[in-house]
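Thank you all for coming. Please have the sequence and the structure open while I talk, and stop me whenever a residue is hard to find.

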Amino acid sequence: MSCNSCSTGKDGQPKGCKNNGTCGTDSCNKLTVFDWLANMSLPQGEEPFIGVEVRFKNGRKQYYKNTENLTLSIGDIVATQAQSGHDIGMVTLTGELVRVQMKRKKIEINDEENVLKLYRKASQKDIDVWSDARDKEEPMKVKARQFAIDLKLKMKISDIEYQGDASKATFYYTAEERVDFRELIKLFAREFRTRIEMKQVGFRQEAARLGGIGSCGRELCCSTWLTDFRSVSTSAARYQQLSLNPLKLAGQCGKLKCCLNYELDAYLDALKAFPKKDTKLYTEKGTAVCQKTDIFKGHLWYAYEGEWMNWHVLNTDQVKEIIDKNKAKQKIASLEEYAAELIEDTKTEFENVVGQDSLTRFDSPKHKNKRRNNKGKQRRRQKPQNNAKK
């Protein structure tokens, strides 16, 4: 998540692109969109689209009308209309691609409730007031959480966002149950001396706002590119044959990981070629039950009832053949005659493919050193005998 102009110092630390948070390409920000129509000119007679995408704190984006026909580019800080007063944000997208984004999100440019006006480019005074308000957010969050604990409210205040003119503070919180925070708002207004707005968000939205690093070592999908949060169930883990361990399947939001849905469709398509797991195989030796499946290799493991420790591996074609015979009221002799065909040599041989030293160079003992050590011991033993003769 960095632009091409970012650089690294001699000590390995990132130096940044020296834009101080106003990246010219917007590639260092959350939920960024690359403007692939920026270098294309409009046909003659076409007027540029007046819609502008503006980003606020933690990836919150809204669309505004550029009614003043301001010359804007990505990274410009602008003053926008709010319900009361004005807000300060950063331009993240202009031109025809904004029309495409608004159409995808089903937002009309003439919708006055959702699409407000863009006033002007922010002056230095606007930026100073905005930056001072942003500096107050962290100490405010500490006090706000303490107030909620003192009132014994079952809620968690995850983030605070000041409006650009510092006239209003929005408190984002998560709660599993309905919370009566009327007394809490009175304490906030008395302590912080500003208008208070409480906004409840889900646990996934909270993780998206705060960001972080997932167990895969990358930034969280919800804070970088994922915008639609589909429900994730434990059946997605079962289809992929994952152990139902909540510590491994849960993300930083405490819910099941969104990435469980990424490959689910591929697994469901692959499982169509497999027989049902609850189908039993009837043989003269006994009845066999499916214990395990390997989707990638197309193998299934069966065990006889009463002999659960002895598994026999079959492929899908063999299992279907046995099932067809069972439907015709025929029994095979045993599973061993089918499983014998799949015995493979499990010996692993390593190859040197990168031009490095042998991987087994430390496995064989070094005999030369032992011979030298033995010669040294013999010489030490012979020295006392020579001294005794003298």
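Let me begin with a term: by a polar contact I mean a pair of N or O atoms within 3.5 Å, where, within protein, one must be able to donate a hydrogen and the other to accept it. I should also say at the outset that this is a predicted model, and everything that follows should be heard with that in mind.

With that term in hand, please look at R60, which sits in the loop between strand 1 (51-55) and strand 2 (61-65). The side chains of R60 and E161 are joined by a polar contact of 2.7 Å. If we leave aside residues up to four places away in sequence, R60 touches V54, R55, D87, E161 and Y172.

From there I would like to move to strand 3, residues 77-81. Is this strand enclosed or open? Four of its five residues are buried, so strand 3 is largely enclosed by the rest of the structure. Strand 3 pairs in the antiparallel sense with strand 4, residues 86-94, over five bridges, and within that pairing A79 has I88 of strand 4 as its bridge partner. These two strands form a hairpin with four residues between them, and G85, in the turn, has a positive phi of about 85°. Strand 3 also pairs with strand 5, residues 116-121, again in the antiparallel sense, this time over three bridges, and here the bridge partner of T80 is L118.

The next stop is S235, which belongs to helix 7, residues 234-239. With a relative accessible area of 31%, S235 is partly exposed, and its side chain makes a polar contact of 2.7 Å with the side chain of S233. S235 and L264 are 29 residues apart in sequence, and their C-alpha atoms are 9.7 Å apart in space.

The last region is a sheet with a helix packed on it. The sheet is open and has four strands in the order 9-10-11-12, with antiparallel pairing. Its edge strands are strand 9 and strand 12, each of which pairs on one side only. Helix 10 packs on this sheet, touching strand 9, strand 11 and strand 12, and its direction makes about 105° with that of strand 12. Within the sheet, strand 11 and strand 12 are paired in the antiparallel sense over six bridges, and Y302 stands opposite H312 in strand 12.

Now to helix 10 itself, which has twelve residues, 316-327, and reaches 16 Å from its first C-alpha to its last, close to the 16 Å expected at 1.5 Å a residue. Which residues of helix 10 are buried? They are T316, Q318, V319, I322, I323 and N326. Seen down the axis of helix 10, these buried residues fall within an arc of 165°, so they line one face of the helix. As general background, an α-helix has 3.6 residues a turn, so residues three or four places apart point the same way. What covers the buried residues of helix 10 includes strand 9 (281-282), strand 11 (299-304), strand 12 (307-315) and helix 11 (336-339).

Finally, the two ends of helix 10. At the N-terminal end, N315 acts as a cap, with a side-chain oxygen 3.3 Å from the backbone nitrogen of D317. Just after the helix, K329 takes a positive phi of about 60°.

How values were computed:
Residues numbered from 1 in each chain as written. Predicted model: local features only at pLDDT ≥ 70, side-chain atom pairs only at ≥ 80, totals over all residues. Heavy atoms only, no water. Buried < 20%, exposed > 50% of the residue type's maximum accessible area, 1.4 Å probe, protein only. Expected span 1.5 Å × (residues − 1). Arc of directions from axis to C-beta. Contact = heavy atoms within 4.5 Å. Pairing = 2+ DSSP bridges. Axes fitted to C-alpha atoms, helices over the stretch in contact; angles between N-to-C directions.
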